[in-house]
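Reader: I'd love a close look at one part of this model, namely how its helices pack against one another. If that leads on to cavities and to unusual backbone spots, please carry on with those too.

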Amino acid sequence: MTADKKKKTGAVLVQGGGIAGMQAALDLANSGFKVYLVERSAAIGGMMSHLDKTFPTGDCATCIVSPKLVECARNLNIEILTLSELMDLQGEAGNFTATVRRYPRYVDEDKCTACEQCTDVCPVDIPNHFDRELGTRKAIAKEYAQATPNLFNILKNGHAPCKVTCPANINVQGYIQLIRKKEYVKAVNLIRERDPLSAICGRACNHPCEAVCTRGKLDDPVAIRLLKRFASDKEMELVESGRISLPQEKTPPAGAKRVGIIGAGPAGLTAAADLADRGYAVTVYEAAPAAGGMLRWGIPEYRLPKKILDYEVDLIRRKGVAFKYNCRIGEDLSFARIRKDNDAVFIGVGVQVSRRLGVEGEDKSNIDYGVEFLRQAGDMNNLPAVGRKVVVIGGGNVAVDVARTALRLGAGSVEMVSLEQRQEMPALPEEIAETLEEGIKISNGWGPHRILGNGTVTGIELKRCVSVFDKDGRFSPAYDESTMTTVQADRVIIAIGQSLDKQFISSAGVETERGCFKVDPTTLETSLKGIFAGGDSVSGPASIIQAVGAGKRAAESIGRYLRNEDMRAFRFEDTVKPLSEELLPDISAAEKSPRALTAYLPVSRRQGTFSETEGGLSEEAALAESERCLNCALCSECQECVKACEQNAIDHYMGQREVKLEVGSVILAPGFEEFPAERKGEFGFGRYANVLTSVQFERMLSASGPFDGHVIRRSDGKEAKRIAWIQCVGSRDASCGNEYCSSVCCMVSTKQALVASDHTTGLEASIFYMDIRAHGKDFDQYYERAKNSGNISYIRSMPSRVLQVPGSKDLRLQFYSGAGVMEERDFDLVVLSVGMEAGKSARGAAGRLGISLGEYGFCATDRLSPLSTSRPGVFVAGAFHEPKDIPETVTQASAAASMSMELLAEARNSLISKRVYPDEHDVTDEQARIGVFVCHCGKNIASVVDVERVAEIAAQQPNVVFATHTMYTCADSNLNNIRDMIHKHRLNRIVVASCTPRTHEPIFRDTLREVMGAFRRA
């Protein structure tokens, strides 16, 4: 076969699932062509699915579009590809290869049954874009009630800054949303998926997550650490009260591979917990008599009570982890022996030795060092002595802990000396504030020159520090040694940092770098195969949460190592996707709210006691604080939907993919985007709650919308009686670059005014316009009907701006009347009739496909061939061609379909499938088993008929074996329900009580033919 005789492909790709795309797809499929209906959103239906009524007939938009949705879903020759986009088109007319990108739904389309169990348990409420942010939806939900396909999807934007910044990547948003739903134990379980030290970190974490909290740009960051503590404390309360039990103690599986953990600090404990959960036999070797490392010996009791530490260590032990205490490696047990006894080893010993100053006089008595001082202070049987005047050298958290501990041990006065200025100190701001509150003096900008005294410390001589860091931000203090001062002291405690135990380093035989173990930055494997290290022993002194993160990373590597898997490919950290700046929540519309505060132990009760200083949040405060979360990432990945889904249909790690489709032609019907009303700032959209766009008002009018069809003021929920429409917002306006008319706005406003009049008795409607364009069948009559209604006024004037009246929040418009007189009126609502724009994604697709665009971004065509694009074989239909109404769109879609049919005529019927119905049988002589299905039609029917009562009465009638009521009986999901009920109840007569459009009868009949065979109406 020669190239010019190549057989054409009998398939067409239709980009866009709105009314134009659906009409074109149906025409093609019913004429013998395979159709790929490609839609960027999660469901087909387009703008028409948002509408309440159509003009000029006033028909229910849902009733008009629903049969087309069902027909597309049930047509064997239409393959619907939602969350998809045409990315590339190769070849020529008649024989194209289309590349379609399919974005993740995070729900398996073959498994989802639309049972709604996932939505029921989802804790995340986010603005519902389908309702144009007037209402909320769950992060996992259907796009809208009649969505086709009848599938759920999860909305994700990436991962919130708090999760990305957390060294352990804790799902902060997820556990905060669970707290909001009072699911405290679930919240703690979610935290422990990444941090087994939940209660500990709830008290002692340095919370870097809060520094990047989006809420902080508005007022104050969410109190993330305190919420973690609250949930953890709630769990412990439930255990203590006996309402929940501690986890059952486990033992490792027989034959499990063995992992040795050296060091029971935060890194070691985390790795041990993770590896035990993975089914390994874990043994922790600890030199001290108890687990915790610096958590036990370095953090004072007033910050971290030992009972909290013991509780979480016991939870880890119950996983099957064995602990060997008083086991110092190199003395009590050799490193070689541990390697021999285990299949892999993790070193998490931390840095337990304090650094020396290296100044004159450091050999005198009454000089202590920070870590050793705190370790001794943690032993109630061997408390360190403190003098009358204690000077602490250092500005970090250890120095702060030392100073506050010395005060509690009875020091007469305590003074801290820090190289850094107050704002540079590495200690946490809240810790510094508490230190000052307790009467401890902090001398900033001084460094030790020499320690004074004759054998015993009497004071310390200090020199002025002029800078701590060099121009590259590295620690490199510079001094002015001409400026000296002396501080009297009878005890000096040096807390300037820690380092690894040199004896342990030498016994391990692992390669080191700058005094720490050298590891692979990704896998944390050391120079010895099967030996891993993490935490302070690798990074140097760091935070608890950094050590926890290292423990998680090491456990992942060790698990892969023991299973002989690639330790680098697609690790957990590869799944963490930072949220781009433009996708962060818009804080301009959020209301400010105060951050929750916690109570502290009065200063008068702190000296001489190690009672916990910081109290937790009350339940009321915690719930209020959880409401402050902005849900940056939309879905919080709390995994509640995964647990609820009996079909195992949810996959949070689903990725995008690309598919190749062989098609003969393409029809572009991507529709339009609404003009963003915030660009016309003078009208107050986004600032004033009672200013809406025309699409928002459409959703307000809809019986299935967020307000059940009630016309209200968003500011106070009161019924709106005075409504103004402002025409041509974003159309016929050179100032925003849109000088064209959007064609439909005049009729949309007229329709909305008439419909709103039906919803609200006594409505006063005012439509501000430049001129009325009512061209179309019966459109002018529709306009005249509105004009003569008595409550709708047309005012030929354009208000220059909208002002909100303080107090009442009425909206004030100033305008010139027809007589040229300036008038001023107040309204309850102002509706902005926004124009149409060519969508950004549609323009991008045109660029990729080589399709020419016109001056305003719409598809360019030739006057004599208005549906042919600049690329042969690619046609256009609907509003992407130019702004137009629904009837013209439908007509044009059929025309574009006919052009594809003409091009591919020789390939007709070459790729289609034919529906096979069951054999029909006569049910005339069978005893009647009647099923009754009564439709609410949103509230179009239910607003005048007691639908529930009708169904109850029907159920009591002779031979009725099943009766029910449904929201939209014509929706695909409810048609499937009719089919299921026919099978379940063996129905042979069906009554469907719904609305009257004749388009509905065929879809009900088709449903019956699928399952019943012959069907006779009574």
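Author: Happily, and let's begin with handedness: a crossing is left-handed when the near helix is turned anticlockwise from the far one by less than a right angle, and right-handed when it is turned clockwise. The model is predicted, so local features need pLDDT of at least 70 and side-chain atom pairs count only at pLDDT 80 or more, while totals for chains, interfaces and linings use all residues. Residues are numbered from 1 along each chain as its sequence is written, and side-chain values use heavy atoms, with hydrogens and water left out.

Helix α1 is a good place to start. This helix covers residues 19-29 and packs against helix α2, residues 61-74 (helices are DSSP runs of H or I with at least four residues, strands are E runs of at least two). Their axes, lines fitted to C-alpha atoms over the stretch in contact, are 10 Å apart, at an angle of about 50°. That angle makes α1 oblique to α2 (under 35 degrees is roughly parallel, over 145 roughly antiparallel, 65 to 115 roughly perpendicular, and the rest oblique). The crossing of α1 past α2 is left-handed.

On the α1 side, the residues in contact (heavy atoms within 4.5 Å) are Ile-19, Met-22, Gln-23 and Leu-26. Facing them in α2 are Val-65, Lys-68, Leu-69, Glu-71 and Cys-72. By class, this contact counts six nonpolar, one polar and two charged residues (Asp, Glu, Lys and Arg are charged; Ala, Val, Leu, Ile, Met, Phe, Trp, Tyr, Cys and Pro are nonpolar; the others, Gly among them, are polar).

Helix α1 has a partner from much later in the numbering as well, helix α26, residues 886-903. The axes of α1 and α26 come within 8 Å and cross at roughly 40°, and that makes α1 oblique to α26. Here α1 passes its partner in a right-handed crossing. From α1, the contact takes Ile-19, Ala-20, Gln-23, Ala-24, Asp-27 and Leu-28. From α26 come Thr-889, Val-890, Ala-893, Ser-894, Ala-897, Ser-900 and Met-901. Sorted by class, the contact of α1 with α26 holds eight nonpolar, four polar and one charged residues. If you follow individual side chains, Ile-19 and Gln-23 touch α2, and Ile-19 and Gln-23 also take part in the contact with α26.

Another pair to view is helix α15, residues 397-408, with α16. Their axes lie 10 Å apart and the angle is about 25°, which makes α15 roughly parallel to α16. The crossing of these two helices is left-handed. Asn-397, Val-400, Asp-401 and Arg-404 of α15 meet Glu-431, Glu-434 and Thr-435 of α16. One nonpolar, two polar and four charged residues make up this contact.

Helix α16 leads us to the cavities. There are ten of 30 Å³ or more (on a 1 Å grid, a cavity is a set of points where a 1.4 Å probe fits but cannot get out, with lining residues having an atom within 4 Å of a point). The largest encloses about 150 Å³. Sixteen residues line the largest cavity, and Arg-203, Arg-303, Glu-431, Glu-434 and Glu-614 are the closest to its centre. Glu-431 and Glu-434 are the α16 residues that also meet α15. Helix α16 gives the most to this lining, three residues, while α7 (198-204) and α9 (224-241) are also among the elements with at least two. The lining divides into five nonpolar, one polar and ten charged residues.

The second largest cavity holds about 130 Å³. Of its 15 lining residues, Cys-162, Cys-213, Cys-629, Leu-630 and Cys-632 are closest to the centre. Two or more lining residues come from each of α4 (161-165) and α5 (172-180), and α5 has the largest share, with three. Eleven nonpolar, three polar and one charged residues form this lining.

Lastly, the backbone. In the loop between α5 and α6 (184-192) sits Lys-182, whose phi is near 65°, a positive value in a residue other than glycine. Pro-56 is in the loop between β2 (34-38) and α2, and the peptide bond from Phe-55 to Pro-56 is cis, with omega near 0°. The bond from Thr-148 to Pro-149 is also cis, with omega near 5°, and Pro-149 lies in the loop between β8 (140-141) and β9 (153-154).

Terms used
Axes fitted to C-alpha atoms, helices over the stretch in contact; angles between N-to-C directions. 1 Å grid on protein atoms, 1.4 Å probe; cavity = no way out; pocket = protein on both sides within 12 Å on 5 of 7 lines; lining within 4 Å. Points joined across faces, edges and corners; volume = space filled by probe spheres on them.
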